[in-house]
Amino acid sequence: MLTEEIKAVIRATTDGVAAARPGFRRRRSQNLLIAEIAKTCAGEHGAQKHLIAEAPTGTGKSLGYLLSAYPVAKATQRKVVIATATVALQEQLMAKEIPAVLAAMGVSDRPMLAKGRQRYVCDFRLFQAPASNPDQTDLGFDDPGDDALWSTKPTADEARMVESMIAKRKAHQWTGDMDEWPEKLTPSVQEAVTCPASQCAARRCPNFSTCAFYQARGALQGQLDCGQPESAIGRYGDGAGDADLAGAQ
Ligand code: SF4
């Protein structure tokens, strides 16, 4: 039920965000979005538990769903899971929108980011990548074989980068999060050392116990199970692990 207390929190949080952002402009379409999401999350529509809302760029959709869903979830002790279409929006939410809403609410809850598997290195492929380099095998570049990891011949710099990644992983000096790698990754390296869900052997993989993706996903799942964090962000379509995440809310 959308109580007067929750409505008051939504209004106060919206006012707080507006006050902290000089350029913030109240829009009728955003207010409508906030009201409908809040009502849906609070169960005001009875058996109708889902809401599909479409709005053009500039409506303020991100703040709209945060300003409505989060106060309702907080009041009813639930979690908010956000699935975005792009990595850029994930980063925008983590860096700007969520901190703004939490600050306006005066809470110190911690959001967590659930990245897709291809944002983590696949150790199984990484450790094979040098041997899969056509320069280091008997295979000709034009005949890379079925299990070659490189779709294009790696440059000397790419080969060096992969060796450096292997060294860092073996020395436990890199979590395997590709976004944390200090150098600019080329598409070729990215493709060679990450693994789509369809090619991941999961528990049958010899590197499963140290797999960067499964470790990150396990840590997030563990925190969700024990009540933290209060919000999590994933990218829509990131893979099977996301189904577990959504089910934990
Ligand atoms: S479990 Fe999958 S993603 Fe992880 S190292 Fe093995 S093959 Fe790669």
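Helices (H or I, at least four residues) and strands (E, at least two) are DSSP runs, numbered from the N terminus. With that in mind, let's take a tour. What you have open is a predicted model, in which local features need pLDDT of at least 70, side-chain atom pairs count only at pLDDT 80 or more, and totals for chains, interfaces and linings use all residues. Residues are numbered from 1 along each chain as its sequence is written.

**The whole chain**

Start with the cartoon view. The protein has nine helices and three strands. Following the sequence, you will meet them in the pattern α-α-α-β-α-β-α-α-α-α-β-α. The protein has 249 residues, and 32% of them count as buried. A residue is buried if 20 or more other C-beta atoms lie within 10 Å of its own, exposed if 12 or fewer, and partly exposed in between, with C-beta atoms placed from the backbone.

Two residues are in contact if their C-beta atoms, placed from the backbone, lie within 7 Å. Take the contacts between residues at least 6 apart in sequence: 77% of them join residues at least 24 apart.

**Stop one: the start of the chain**

Select T3, in the segment before helix 1 (4-20). T3 has 12 other C-beta atoms within 10 Å, so T3 is exposed. Now add V72 to your selection. Along the chain T3 and V72 are 69 residues apart, yet their C-alpha atoms are separated by 9.3 Å.

**Stop two: a pair of helices**

Next, select residues 61-75 (helix 3) and 87-105 (helix 4), which pack at an angle of about 45° with their axes 10 Å apart. That angle makes helix 3 oblique to helix 4. Axes here are lines fitted to C-alpha atoms, for helices over the stretch in contact, and angles run from 0 to 180 degrees between N-to-C directions. Angles under 35 degrees count as roughly parallel, over 145 as roughly antiparallel, 65 to 115 as roughly perpendicular and the rest as oblique.

Which residues of helix 3 and helix 4 make the contact? Show S62, L63, L66, L67, Y70 and P71 on helix 3, then L93, E97, I98, V101 and M105 on helix 4. By class, this contact of helix 3 with helix 4 has nine nonpolar, one polar and one charged residues. Ala, Val, Leu, Ile, Met, Phe, Trp, Tyr, Cys and Pro count as nonpolar, Asp, Glu, Lys and Arg as charged, and the others, Gly among them, as polar.

While you are here, pick Q92, which lies in helix 4. Q92 is partly exposed, with 14 other C-beta atoms within 10 Å. The C-alpha atoms of Q92 and S62 are separated by 9.5 Å, although their positions lie 30 residues apart along the chain when counted as a separation.

**Stop three: the ligand**

Move on to the ligand, which is surrounded by 13 residues; C122, C200, C205, N207 and C211 are the closest. A residue is near a molecule if its C-beta atom, placed from the backbone, lies within 6 Å of it. Colour helix 5 (123-132) and helix 8 (212-225), since each supplies at least two residues of the shell around the ligand. The shell divides into eleven nonpolar residues, one polar and one charged.

**Stop four: two unusual phi angles**

Most residues other than glycine have a negative phi. Select H172, which is not a glycine but has a positive phi of about 55°. H172 sits in the loop between helix 6 (156-170) and helix 7 (187-193). Is H172 buried or exposed? H172 counts as exposed because it has 8 C-beta neighbours inside 10 Å.

Finish at A202, in the loop between helix 7 and helix 8. A202 has a positive phi of about 50°, and it is not a glycine either.
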